[in-house]
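Dear colleague,

I am handing over the structure we spoke about, and below it you will find notes on what turned up when I went through it. Please read them with the model open beside you.

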Amino acid sequence: MVSYTQITLEKADGVAVITLSRPEKMNAYTRTMGEEIMAALDDTDADDSVRAVIFTGAGDRAFCAGADLTPDDGARPFADNTEVESLSDPRVRDGGGLLTLRLFQSTKPLISACNGVAVGVGATMQCAMDIRLAADSARYGFVFAKRGIVPEAASSWFLPKIVGIQQALEWCFTGRIFDAAEAKEGGLVRSIHPQAELMDAAHALAREIADNTSAVSVAMTRAMLYRLSTANHPMEAHKIDSRSIYRLSRGGDAKEGIASFLEKRAPEYPDKVSEDMPDFYPWWEEPEYE
């Protein structure tokens, strides 16, 4: 068991909740927090009982107020203190990017329940989550140009895919703080809820996934949509579609999916992500940082 100091991890009835928990600092992000979130994702990926993961922040003020600009260890808030000879040195790597790459690799659906302020990495980490809900008190900001740096956490890849290039450029060029209504209008969030109802809405969505779908199908679908939507030709998608349907149609979940539909009952899918993914998964090679 991992002992967490800056997050909490709770699991119940197939749904995990990861809470960023530094309320005294508005859940400001640190390297320790990033490492703990990645460890929690290792846990949820390995646990076949977990069908969806919800992220939120402790308290009612902030999801995450960005990087801690006054870290207790005196380190630089944005990058390693060490001077390096090569920018390929792993110490150069952006901590927010390490986190979002791990979020990208999740086999479970990730739901963001943004309960307050979310600026800097507090906003960009949510771009690597699958479905984003907001409290009516939520505030977002891609404030990097106001801090003399650039968007991090691989958000230059994620954000335009969610909201389009024009909206992404406007938010990043201005660095302005905007409310939940603008976030929804711009396509960043799926829905807005009163603060007191936000987690209920997130849990309802997680339950819809957990109660009605095959875990293997969802894990494959998540990988396919993210990795094939950027392929050079639809033939790449056709290859994986075809191979996936061929393999999965012979599995226990397909049999159960058909039987439960015909018998008009709730499904009980037998297959597990840890054991029953298709034999060609993963079909990609993870690139190296160099």
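Please keep in mind throughout that this is a predicted model.

I begin with strand E2 (residues 15-20), which runs parallel to E3 and is joined to it by 6 bridges; within this pairing, Val17 stands opposite Ile54 in E3. Between the two strands the chain passes through helix H1 (residues 31-46), and the resulting β-α-β crossover is right-handed. E3 also pairs with strand E5 (residues 110-114), again in parallel, through 3 bridges, and here Val53 has Leu110 of E5 as its bridge partner.

Strand E3 itself (residues 52-57) is largely enclosed by the rest of the structure, because 6 of its 6 residues are buried. In a regular strand, side chains alternate between the two faces of the sheet. In E3, Ala52, Ile54 and Thr56 point one way while Val53, Phe55 and Gly57 point the other way, and all of them are buried.

A further group of 4 strands makes up an open sheet of mixed pairing, in the order E4-E6-E8-E9. Its edges are strand E4 (62-64) and strand E9 (177-179), each of which pairs on one side only, and neighbouring strands in this sheet are turned by 20° against each other on average, direction ignored. Strand E8 (residues 139-141) pairs with E9 in the antiparallel sense over 3 bridges, with Gly141 standing opposite Ile177.

As for the interior, the largest nonpolar core contains 43 residues, and those with the most contacts inside it are Phe55, Phe63, Met125, Tyr140, Phe142 and Leu188. Not counting residues up to four places away in sequence, Leu188 touches a set of residues including Cys127, Tyr140, Phe142, Leu159, Trp171 and Phe178. There is also a second, separate core of 14 residues, among them Val15, Ala135, Leu198 and Leu205.

Finally, since you may be wondering about the cysteines: how many disulfides does the model contain? The count comes to 0, taking a disulfide as a pair of cysteine sulfur atoms within 2.5 Å. For Cys64, the closest cysteine sulfur is that of Cys114, at 9.5 Å, which is too far for a bond; Cys64 is buried, with a relative accessible area of 0%. For Cys172, the closest cysteine sulfur lies in Cys127, at 8.5 Å, and this is likewise too far for a bond; Cys172 is also buried, with a relative accessible area of 17%.

With best wishes

Methods: Residues are numbered from 1 along each chain as its sequence is written. This is a predicted model: local features need pLDDT of at least 70, side-chain atom pairs count only at pLDDT 80 or more; totals for chains, interfaces and linings use all residues. Side-chain values use heavy atoms; hydrogens and water are left out. A nonpolar core is a set of buried Ala, Val, Leu, Ile, Met, Phe, Trp, Tyr and Cys residues joined through side-chain atoms within 4.5 Å. Buried means under 20% relative accessible area, exposed over 50%, partly exposed in between (1.4 Å probe, protein chains only). Contact means heavy atoms within 4.5 Å. Two strands pair if DSSP finds at least two bridges between them. A crossover is right-handed if, with the strands pointing away from the viewer, the path from the first strand over the helix to the second runs clockwise. Axes are lines fitted to C-alpha atoms, for helices over the stretch in contact, and angles run from 0 to 180 degrees between N-to-C directions.
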